[in-house]
Amino acid sequence: MHELPVTESILEIVVKHAKQNQVSRVVSITLEVGELSDLENEWLQHYFDYLSKDTLAAGAELKIQRAPIVLKCRRCGHEFRILKDELGLSDCPQCGTAGDVSLVSGRQYHIKEMEAL
């Protein structure tokens with residue numbers, strides 16, 4: 001149920017920016033959510049619908065885009081994408097170093113854009 005506090009935070013940011021820009025209604029919000037995040041799309045929308053009642057974001061659609069997992073080799077600095085089921089098998093495709101990588105992208109979530117009237 002960790003989607004609830006995340007959704008509360010998203011709604012606060014959306015409403016704040018909407019008011020600052022004299023928006024009358026928020027139509028949609030595009031979120032970028034990392035592939036490693038365990039936030040579920042349907043629960044995010046469910047909580048958003050519940051929390052946004054009686055706000056200018058009521059009825060807004062959450063458009064969720066998944067950000068890829070990107071690792072960086074600590075030896076040569078090469079950044080590369082992997083799939084979730086390849087974690088732990090992540091040798092650098094550039095220099096071949098085994099497992100000495102850091103996570104660049106894949107856990108984040110942020111508001112990418114907002115469509116409003």
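This passage walks through a small set of features in a predicted model: a three-stranded sheet, the helices that pack on it, and one serine in a loop.

The sheet is a good place to start. Its three strands make an open arrangement, ordered β2-β1-β6, and their pairing is mixed. The edges belong to β2 (61–67) and β6 (109–116); each of these has just a single partner strand, so one side of each goes without a neighbour in the sheet. Going from one strand to the next, the twist comes out at 20 degrees on average. As for the β1 and β2 pair, these strands run in the parallel sense and are joined over seven bridges. Within this pairing, L31 sits opposite I64 of β2.

Next come the helices. Helix α1, covering residues 3–20, packs on the sheet and touches both β1 and β6. Its direction is set at about 40 degrees to that of β6. Helix α2, for its part, lies across β1 and β2, and runs at about 150 degrees to β2.

That leaves the loop that links β1 (26–34) to α2 (41–51), which is where S37 is found. Is S37 buried or exposed? Its relative accessibility is 11%, and since buried means under 20%, S37 counts as buried. Leaving aside residues up to four places away in sequence, S37 touches R66, G106 and R107. One of these contacts, R66, falls within the span of edge strand β2 (61–67).

Key:
Residues are numbered from 1 along each chain as its sequence is written. This is a predicted model: local features need pLDDT of at least 70, side-chain atom pairs count only at pLDDT 80 or more; totals for chains, interfaces and linings use all residues. Side-chain values use heavy atoms; hydrogens and water are left out. Helices (H or I, at least four residues) and strands (E, at least two) are DSSP runs, numbered from the N terminus. Buried means under 20% relative accessible area, exposed over 50%, partly exposed in between (1.4 Å probe, protein chains only). Contact means heavy atoms within 4.5 Å. Two strands pair if DSSP finds at least two bridges between them. Axes are lines fitted to C-alpha atoms, for helices over the stretch in contact, and angles run from 0 to 180 degrees between N-to-C directions.
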